[in-house]
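Dear colleague,

Please find below the structure that I am handing over to you. My account of what was found in it follows directly after.

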Amino acid sequence: MTDDRHPRSNLRTLFDSFGPDDRTARLSAALGRPIRSIDVLDEASNTTTRSRMRIHFDGGDAINVFVKAPARSWVARAAVALPALATAEAGFYRDVGATAPISLPACHYAHASWRDFLLVLEDLT
């Protein structure tokens, strides 16, 4: 059995436990706007799942974002959750990033708990 299907893993990721409709609903709730469609431009999963996406809103406008969510592997999820790395990163972008004296991507949404996290940043590519 591969570690991304570990039976004790109850952490849902943006990509594994959700279908396209659920992913759209989760990002729509995070961004506070109805989403018409999402184009996944690039995706990788190691210690976290990282995706570049183009989000098309119901109003006709679109934005490019960089999304981080829990990894597919339950081992990687634990490695990030135990030292609260995602909580620290979400807190940085949410609470400090806008006032930091360095250039950072705009934070559209940042939330983390010990079970889950979602970070939606401006895509700088």
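I begin with a single pair in the sheet: I55 has I63 as its bridge partner, and I63 belongs to β3. Please bear in mind throughout that this is a predicted model.

**Overall composition**

The protein chain contains 3 helices and 5 strands. Read from the N terminus, its elements follow the order α-β-β-β-α-α-β-β. Of the 125 residues in the protein chain, 38% are buried. Among the contacts with a separation of 6 or more, 45% are between residues 24 or more positions apart. The accessible area of the protein chain is about 7,100 Å², and 53% of that comes from carbon and sulfur atoms.

**The sheet**

The 5 strands make an open sheet, arranged as β1-β2-β3-β5-β4, with antiparallel pairing. At its edges are β1 (35-45) and β4 (107-112), each of which pairs on one side only. From one strand to the next, the twist averages 25 degrees.

Taking the pairings in turn, β1 and β2 run antiparallel and are joined by 9 bridges. The connection between β1 and β2 is a hairpin through 2 residues. Within this pairing, S37 has H56 in β2 as its bridge partner.

Strand β2 (residues 48-57) is also joined to β3 (residues 62-70) by 9 bridges, and these two strands run antiparallel. They too form a hairpin, here with 4 residues between the strands. In that turn, G60 has a positive phi of about 105 degrees. The pair I55 and I63 named at the outset belongs here, as does R52, whose bridge partner in β3 is F66.

On from β3, 4 bridges lead to β5, and the two strands run antiparallel. One point of this pairing is V65, with E122 in β5 as its bridge partner.

**The helix across the sheet**

Helix α3 (residues 85-96) lies across β3, β4 and β5 (117-122). Its direction makes an angle of about 145 degrees with β4.

**Salt bridges**

The structure holds 6 salt bridges, and I describe some of them here.

D116 forms a salt bridge with R26, with 2.6 Å between the closest N and O atoms. Since D116 is in the loop between β4 and β5 while R26 is in helix α1 (residues 20-31), the pair ties together parts that lie 90 residues apart in sequence. R26 has a relative accessible area of 17% and is buried; D116, at 21% relative accessibility, counts as partly exposed.

Another salt bridge links D123 and R52, the closest N and O atoms being 3.1 Å apart. D123 lies in the segment after β5 and R52 in strand β2, so this salt bridge ties together parts 71 residues apart in sequence. Here the acidic residue D123 is buried, at a relative accessible area of 12%, whereas R52 is partly exposed, at 23%. R52 thus appears in two settings, as the bridge partner of F66 in the sheet and as the salt-bridge partner of D123.

K68 and E89 also form a salt bridge, with their closest N and O atoms 2.8 Å apart. Because K68 is in strand β3 and E89 in helix α3, the pair ties together parts that are 21 residues apart in sequence. This links β3 to α3, the helix that lies across β3, β4 and β5. K68 counts as buried at 13% relative accessibility, while E89 is partly exposed with a relative accessible area of 26%.

**A nonpolar patch on the surface**

What forms the nonpolar patch on the surface? The patch consists of F92, V96 and I102, which together have about 240 Å² of accessible area. I102 is located in the loop between α3 and β4. Is I102 buried or exposed? Its relative accessibility is 53%, and the threshold for exposed is over 50%, so I102 counts as exposed.

**In brief**

The points I would draw to your attention are the open antiparallel sheet in the order β1-β2-β3-β5-β4, helix α3 lying across β3, β4 and β5, the salt bridge between D116 and R26 that ties together parts 90 residues apart in sequence, and the surface patch of F92, V96 and I102.

With kind regards

Conventions
Residues numbered from 1 in each chain as written. Predicted model: local features only at pLDDT ≥ 70, side-chain atom pairs only at ≥ 80, totals over all residues. Heavy atoms only, no water. Pairing = 2+ DSSP bridges. Axes fitted to C-alpha atoms, helices over the stretch in contact; angles between N-to-C directions. Contact = heavy atoms within 4.5 Å. Patch = residues over 30% accessible without salt bridge, like charges linked within 9 Å, V, L, I, M, F, W, Y side chains within 5 Å. Areas by Shrake-Rupley, 256 points an atom, 1.4 Å probe, with all protein chains shown as cover. Salt bridge = Lys/Arg side-chain N within 4 Å of Asp/Glu carboxyl O. Buried < 20%, exposed > 50% of the residue type's maximum accessible area, 1.4 Å probe, protein only.
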